[in-house]
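This report was prepared in answer to a request for a description of a ligand site, a nonpolar core and selected residues in one protein model. The structure itself is shown first, and the description follows.

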Amino acid sequence: MSAPGFYYFDNNATTRVAPEVVEAMLPYLTRYWGNPSSAYGFAHPIAAAVEKAREQVAALIHADPKEIAFTSCGTESNNAAFHSALVTTGRRHVVTTAVEHSANINFGQYLEKRGYEVTWLPVDSAGALDLRLLEKAIRPDTALVSVMWANNETGVLFPIQEIAALCRSKGVLCHTDAVQTPGKLKIDVRELGVDMLSLSAHKLHAPKGIGLLYVKKRTRFQPYVIGGHQERGRRGGTENVANIVAFGRAAELALSRLDEENTRVRALRDRMEDTLLRVIPQSARNGAREPRLPNTSNLAFDFVEAEAVLMLLDQAGICASSGSACTTGSLDPSHVLSAMGLPPMRARGSLRFSLGVYNTDADVEYLLEKLPPIVQKLRAISPLNPDHPDNTAYDVAAARKKHATHQTAE
Ligand SMILES: *Cc1c(COP(=O)(O)O)cnc(C)c1O
């Protein structure tokens, strides 16, 4: 389905808007452009479309439609969850992890500057959390535990059901950033047991600029965007009708594609990853093989700069990324890979490939043909390369040892 000369492996950054989704939303930009809150008949089908979309997204996560508040994006949903928990409980401490999306990392740092306390839970070299540390971090003044379900950089999954049960036993609200999960994992908020959950439509083949926050029935909630009575008083602002309709249709598609993501896409990802690790020496996977999203692969190639690899991939028509799109432009290594204990050099040589339902065998074949020679070419001129003739200062033995430890750490 990709255009010729365009190979997209960055589905965790954003996804192509599905043609079915465009078709569903268009009438709400052309014929049905009214305000759904208006009283006249013209507004009725528009309000009805918003409520139908609410049912569709609720079905995706097994929630009651009344528990869904549409927001402007995943970032807003996460910010709103933190804000509401702090304001409704009056407590001043939150627990989150060192590997969250920048939405949480930067909101947490903002809170710290305002005199709140944040516990940043560490992860091990495979990207896993220690739940005993999480349990110890919960205090009487803890307002919220917010732990992402699937990491956007590595695809590593956290055991949200266990975490939510722990929070419940301690009487603390539990939120999860589930933005990366639709279409890839089965989502059942009752089974998960969380109080709040965030999604963003552009990660599931709908447009950017629309998200949702699930708020469990009877959870006290204080809006973050304060204004009109839209969204049952949970989020002010005239509804983004066309995008909401798009989100609803995309939710249906995500449900119907769950099997494909977990069979065909997973097999493509595995073939890509296994082949790259086999044919490129001094390479390793970042993060546990399982449990992991079926579409994501984060790979380290020693002695190269990811930015240079990405530039050459781009020239070949391949879109991939180093870490998250939200941190592109900063030269610091990924905060996720750093938290996993990767040495800066290895983190800076790491690339993320995230696949989706529009990827084909031919896409992967093309990547497998292009990437290995690019890495080889860059290594040949790399001052980091111990075999490079100009390199005298580099400690080869230490680098190899680090490499070996990392390979076995799962
Ligand atoms: C993309 C993403 C977000 C942010 O969603 P936006 O709609 O772009 O604000 C939050 N969390 C995770 C895990 C993401 O991948």
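The text below treats the ligand site, then the core, then backbone geometry and individual residues.

## Ligand site

The model is predicted, and the values given here are computed from it. Twelve names make up the ligand surroundings: Cys73, Gly74 and Thr75, then His101, Met148 and Asn152, followed by Asp177, Val179 and Gln180, and lastly Ser200, His202 and Lys203. Sorted by class, this shell contains seven polar, three nonpolar and two charged residues.

Polar atoms of the protein and of the ligand approach one another at several points. The table lists three such pairs.

| Protein atom | Ligand atom | Distance |
|---|---|---|
| Backbone N or O of Gly74 | oxygen | 2.8 Å |
| Side-chain N or O of Asp177 | nitrogen | 2.6 Å |
| Side-chain N or O of His202 | oxygen | 2.9 Å |

On its own, the ligand has 380 Å² of accessible area, and the protein covers 91% of that area. In the pairs listed, Gly74 takes part through its backbone, whereas Asp177 and His202 take part through their side chains.

## Nonpolar core

How many residues does the largest nonpolar core have, and which have the most contacts inside it? The core has 99 residues, and the most contacts within it belong to Ile61, Ile163, Leu197, Leu313, Phe353 and Leu371. Helix α9, residues 241-256, supplies the largest share of this core, namely ten residues. Both domains take part: domain 1 (7-12 + 258-409) and domain 2 (19-256) each give the core at least three residues.

## Backbone geometry

Most residues other than glycine have a negative phi, and most peptide bonds are trans. Three places in the model depart from this pattern.

The peptide bond from Glu290 to Pro291 is cis, and its omega is near -5°. Pro291 is placed in the loop that runs between β9 (283-285) and β10 (296-301).

His205, which is not a glycine, has a positive phi of about 70°. His205 sits in the loop between β7 (196-200) and β8 (211-215). Is His205 buried or exposed? His205 counts as buried because its relative accessibility is 8%, under the 20% limit. A polar atom of the His205 side chain lies 2.8 Å from the backbone oxygen of Arg16.

Arg232 also is not a glycine and has a positive phi, in this case about 50°. Arg232 belongs to helix α8, which spans residues 230-233. With a relative accessibility of 57%, Arg232 counts as exposed, since the class begins over 50%.

## Further individual residues

Ser256 lies in helix α9, the helix from which the largest share of the core comes. Ser256 itself is exposed, because its relative accessibility is 55% and exposed means over 50%. The side chain of Ser256 reaches the backbone oxygen of Leu253 at 2.8 Å. Between Ser256 and Val225, the C-alpha separation is 33 Å, with their positions 31 residues apart along the chain.

Asn79 is found in helix α3, residues 74-89. Asn79 is buried, as its relative accessible area is 12%. Where does Asn79 stand in relation to Lys203, in sequence and in space? The two are 124 residues apart in sequence, and their C-alpha atoms are 18 Å apart in space. Lys203 is one of the residues around the ligand.

Ala150 occupies the loop between β5 (142-146) and α6 (160-170). Ala150 is buried, with a relative accessible area of 3%. From Ala150 to Gly127 the C-alpha distance is 11 Å, and the pair is 23 residues apart in sequence.

Val22 lies in helix α1, residues 19-25. What class does its accessibility give Val22? At 31% relative accessibility, Val22 counts as partly exposed, because this value falls between the 20% and 50% limits. Val22 and Gln56 are 34 residues apart in sequence, and 16 Å separates their C-alpha atoms.

Terms used:
Residues are numbered from 1 along each chain as its sequence is written. This is a predicted model: local features need pLDDT of at least 70, side-chain atom pairs count only at pLDDT 80 or more; totals for chains, interfaces and linings use all residues. Side-chain values use heavy atoms; hydrogens and water are left out. A residue is near a molecule or strand if one of its heavy atoms lies within 4 Å of it. A polar contact is a pair of N or O atoms within 3.5 Å; within protein, one must be able to donate a hydrogen and the other to accept it, and residues adjacent in sequence count only if both atoms are side-chain atoms. Accessible areas come from the Shrake-Rupley method with a 1.4 Å probe; for residues, only the protein chains shown count as cover. Ala, Val, Leu, Ile, Met, Phe, Trp, Tyr, Cys and Pro count as nonpolar, Asp, Glu, Lys and Arg as charged, and the others, Gly among them, as polar. A nonpolar core is a set of buried Ala, Val, Leu, Ile, Met, Phe, Trp, Tyr and Cys residues joined through side-chain atoms within 4.5 Å. Buried means under 20% relative accessible area, exposed over 50%, partly exposed in between (1.4 Å probe, protein chains only). Helices (H or I, at least four residues) and strands (E, at least two) are DSSP runs, numbered from the N terminus. Domain bounds come from an automatic or database domain assignment.
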